[in-house]
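Trainee: Please choose one part of this model and take me through it closely. Start there and follow the contacts outward.

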Amino acid sequence: MQSDIRVGTIQMTAAMLISGTIGWFVVISGQPVSAVVFWRCLFGAVSLLAVCAAMGLLRPGMLSWRSFAIAVFGGVAIVLNWLLLFASYAHASISVATTVYNTQPFMLLALGVLFLGDKITVTKLFWLTLAFAGMAVIIEARPAGETGDGHYGLGIAMALGAAFFYALAALAAKWLRGTPPHLIALIQVTTGALMLLPLTDLSNLPSDAGTWSVLSTMGIVHTGVMYVLLYGAIQKLPIHLTGALSFIYPIAAIVVDRFAFGHALQPLQIAGAAIILVAAAGMNLGWMPTRMLKLRAG
């Protein structure tokens with residue numbers, strides 16, 4: 001058991017560190033967002049196809065038609081999520097966009113109430129309110145001259161939209177409980193490649209090896225390898241540890257944004273980001289606000 005937790009922790013940490021660098025790769029690719037997502041899906045599909053074949057997941061009868069349709073729905077959602085998130089970087093910076101994107105648990109909470117019969121408890125409502133307070137602080141902290149195009153609010157709206165579509169994909173995954181996750185991921189990225197093929201200008205392909213290495217890395221490492229690490233970790237770790245380690249992702253993204261592009265968060269943005277991350281941690285880890293206040297008072 002301890003060995004599984006140790007290996008799972010290493011896998012989850014590696015997966016979150018990989019995720020934290022994707023904004024850097026998106027920006028340095030110099031490609032339109034739709035092209036970045038297309039090549040990520042295509043290279044990711046090739047790598048995941050190899051993984052699924054090695055695991056024996058391509059046998060006939062592995063999926064019902066209903067499960068296949070739900071997986072395709074999740075693929076559409078995950079691709080819209082990537083498109084919006086990557087586009088938000090140009091308007092609100094990688095740091096701010098990634099932090100706002102971490103409102104995903106609250107989007108999933110709302111969808112769970114609508115479609116899964118979940119109930120909103122007073123504790124969940126507290127963390128939800130706190131997260132939106134953090135969002136208000138970040139919106140109020142509109143930077144002067146940080147992004148240069150004056151569309152800071154649009155970037156935040158895109159990151160929120162990305163979080164919503166990620167929650168839809170997570171909802172689809174919940175409906176597919178028991179289905180091999182690597183197979184779900186393969187269907188999702190294949191769906192994405194087919195979705196974006198008509199929008200991709202194949203007559204004007206990148207001409208330098210550097211760009212191709214960046215695009216292939218996003219597909220093979222940030223998609224194929226990251227999915228394998230992530231799902232391997234989820235299978236080994238208790239839920240509370242998975243939730244705790246997931247916060248490596250936004251922290252890594254903020255560090256990468258600072259050192260790669262010189263984007264430092266403003267004081268109000270730091271405060272808003274901290275509030276959102278604390279609220280998301282409380283939601284993921286099941287913290288009880290009343291108990292925390294009692295401990296502090298004691």
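Mentor: Begin with a term. A helix here is a DSSP run of H or I with at least four residues, a strand is a run of E with at least two, and both are numbered from the N terminus. By that rule, His-222 lies in helix H9, residues 209-236. That side chain is our part.

Two ground rules come next. Residues are numbered from 1 along each chain as its sequence is written, and side-chain values use heavy atoms, with hydrogens and water left out. The model is predicted, so local features need pLDDT of at least 70 and side-chain atom pairs count only at pLDDT 80 or more, while totals for chains, interfaces and linings use all residues.

Is His-222 buried or exposed? The relative accessibility of His-222 is 3%, so the residue counts as buried. Buried means under 20% relative accessible area, exposed means over 50%, and partly exposed is in between, using a 1.4 Å probe and protein chains only.

Now look at the partners. A polar contact is a pair of N or O atoms within 3.5 Å; within protein, one must be able to donate a hydrogen and the other to accept it, and residues adjacent in sequence count only if both atoms are side-chain atoms. The side chain of His-222 makes one with the side chain of Thr-21, at 2.9 Å. A polar atom of the His-222 side chain also lies 3.3 Å from the backbone oxygen of Ile-18. Contact in general means heavy atoms within 4.5 Å. Leaving out residues up to four places away in sequence, His-222 touches Ile-18, Thr-21, Ile-22, Phe-25, Arg-40 and Thr-217.

Follow Ile-22 next. Ile-22 is one of the residues of H2 that meet H4. The others are Gly-23, Trp-24, Val-26 and Val-27, and on the H4 side they face Phe-86, Tyr-89 and Ile-94. By class, this contact has seven nonpolar residues, one polar and no charged. Ala, Val, Leu, Ile, Met, Phe, Trp, Tyr, Cys and Pro count as nonpolar; Asp, Glu, Lys and Arg count as charged; the others, Gly among them, count as polar.

How do the two helices cross? The axes of H2 (residues 22-29) and H4 (residues 65-101) come within 10 Å and cross at roughly 100°. Axes are lines fitted to C-alpha atoms, for helices over the stretch in contact, and angles run from 0 to 180 degrees between N-to-C directions. H2 and H4 are therefore roughly perpendicular. That label covers 65 to 115 degrees; under 35 is roughly parallel, over 145 is roughly antiparallel, and the rest is oblique.

Stay on H4. Ser-93 lies in this helix. At 2% relative accessibility, Ser-93 counts as buried. A polar atom of the Ser-93 side chain lies 3.3 Å from the backbone nitrogen of Val-96. The phi of Ser-93 is near 75°, a positive value in a residue other than glycine.

Ile-78 is in H4 too. Ile-78 is buried, with a relative accessible area of 6%. Beyond residues up to four places away in sequence, Ile-78 touches Tyr-166, Ala-169, Gln-188 and Tyr-227. The C-alpha atoms of Ile-78 and Ala-167 are 8.8 Å apart, although 89 residues separate them along the chain.

Aromatic rings are the next stop. Rings of Phe, Tyr and Trp (its six-membered ring) pair if their centres lie within 6.5 Å; planes under 30 degrees apart are stacked, over 60 edge-to-face, and the rest tilted. The count comes to 13 aromatic pairs. In one, Trp-65 and Phe-68 have ring centres 5.9 Å apart and planes at 85°, so the pair is edge-to-face. The two are three residues apart in H4, about one helical turn. Trp-65 is exposed, at 73% relative accessible area. Phe-68 is partly exposed, at 36%. In another pair, the rings of Tyr-101 and Tyr-166 have centres 6.0 Å apart and planes at 75°, so this is edge-to-face. This pair links distant parts of the chain: Tyr-101 is in H4, Tyr-166 is in helix H7 (residues 152-175), and they are 65 residues apart. Tyr-101 counts as buried, at 5% relative accessibility.
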